[in-house]
Amino acid sequence: MTATLDYSGYKFKGYDELCLRAGTGHQQTILFIPPLFDEMNRMRRMIVDVMRLLDKGGVGSILPDLPGTNESIFPQEGANLTIWKEALLSCSLTDKRYVASFRGGCLLDNFADESCNQIVEKWRFAPAKGSSLLRTMMRTRIASDKEAGVVTNMTNLSAEAERGNVNLAGNAIGSAMFAELKTAIPAQSTNIRTVQLANNSQAADAKLPGSALWLRAEPDDDTILSAAIADDILAWVAV
Amino acid sequence: MAEYLNLTPEAAVRAVIQDILGLGADQVSGFTAETELFGALPELDSMAVAGLLTELEDRLDIMIEDEEIDGELFETFGNLVAFAEMKVAA
């Protein structure tokens, strides 16, 4: 795949945040909201492949860094879901008409619902609940503590998070982030298209072939999945 | 919304293991109750197990508590399937 990618950026609370762009000359630009925490690393390659395929199909896309993630130097422990939504709102590089989000990114795709009158069309891939992301991170922390001979459990970690920052699977999670993740679910709305993997029994508007890259030990691509996603998104924006 | 297909606990465990290991469906279809997991499959480390448990919770609509998890659970494919079946039936 040879389509061109380039970088742009946006300002947020005094920090310069990076955006990856593909197909800048096209009429439509889709805002991509990445998966959260290390799921982002495991799926970024696949998502960038989707962006290249969309460019070939005549649709532009933009993938912003959320403050405190990827290249961002925003303090990670200061990030939370509310701040990420504010950041997406201030990323003015798209008209925000079409938003495609992946996994935990779906918790943020209602960022423009209250603050502007535009209809945001939402496309969601395997939406994740905040509590699920939190449980996986807590389990990872419990497992690494156990290997170090320390006994921790989810109740202790929740109590620790109420008092201050807690390190979960290499992420500095502030109290606000922890509290938000505990209850966050993808927001309900009428204009949503939800897709799931074919081997998942949860309800969806479409089932796509491919594998759950967020479960892998290492980042990987999945050309079957990226092609299926690109086709589905192209059909979605063409309607 | 598309049709709601209820996967059996065994099918869900198989699908999640397949995704974690990045294997083809044909490879995982050869897993039997005796197939060894933790310790036998290098990709299935403690970090992967964390993701596996949450994914099973989501796919089977169950909750798995800290104290229900022990080393035996991940010894074999059969143990994990039996645990998932027990949680779904509870």
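## Close-ups of the chain A sheet and the A–B contact

**View 1. Strands E3 and E4 of chain A side by side.** In this predicted model, strand E3 (residues 29–33) of chain A and strand E4 (residues 60–64) of chain A run parallel and are joined by 3 bridges. To find your bearings, look for A:Ile30, whose bridge partner in E4(A) is A:Ser61.

**View 2. The whole sheet of chain A.** Step back from that pair and you meet an open sheet of 8 strands, ordered E1-E2-E4-E3-E5-E6-E9-E10 (chain A), with mixed pairing. Strand E1 (5–12) and strand E10 (206–208) of chain A are the edge strands, each pairing on one side only. On average, and with direction ignored, neighbouring strands of this sheet are turned by 25° against each other.

**View 3. Helices packed on the sheet.** Here we add two helices of chain A that pack on the sheet: helix H2 (residues 81–90) and helix H6 (residues 223–238). H2 of chain A touches E1, strand E2 (15–22), E3 and E4 of chain A, and its direction makes about 115° with that of E1(A). H6 of chain A touches E3, strand E5 (98–102), strand E6 (121–125), strand E9 (192–197) and E10 of chain A; its direction makes about 150° with that of E10(A).

**View 4. Where chain B meets chain A.** Chain A brings 24 residues to this contact and chain B brings 27 residues. On the chain B side, the elements giving two or more residues are helix H1 (9–21) and helix H3 (46–60) of chain B. H3(B) supplies the largest share, 13 residues. By residue type, the side of chain B that touches chain A divides into 14 nonpolar, 5 polar and 8 charged residues.

Note on methods
Residues are numbered from 1 along each chain as its sequence is written. Chains are lettered from A and ligands numbered from 1 in the order in which they are written. This is a predicted model: local features need pLDDT of at least 70, side-chain atom pairs count only at pLDDT 80 or more; totals for chains, interfaces and linings use all residues. Two residues are in contact if their C-beta atoms, placed from the backbone, lie within 7 Å. Helices (H or I, at least four residues) and strands (E, at least two) are DSSP runs, numbered from the N terminus. Ala, Val, Leu, Ile, Met, Phe, Trp, Tyr, Cys and Pro count as nonpolar, Asp, Glu, Lys and Arg as charged, and the others, Gly among them, as polar. Two strands pair if DSSP finds at least two bridges between them. Axes are lines fitted to C-alpha atoms, for helices over the stretch in contact, and angles run from 0 to 180 degrees between N-to-C directions.
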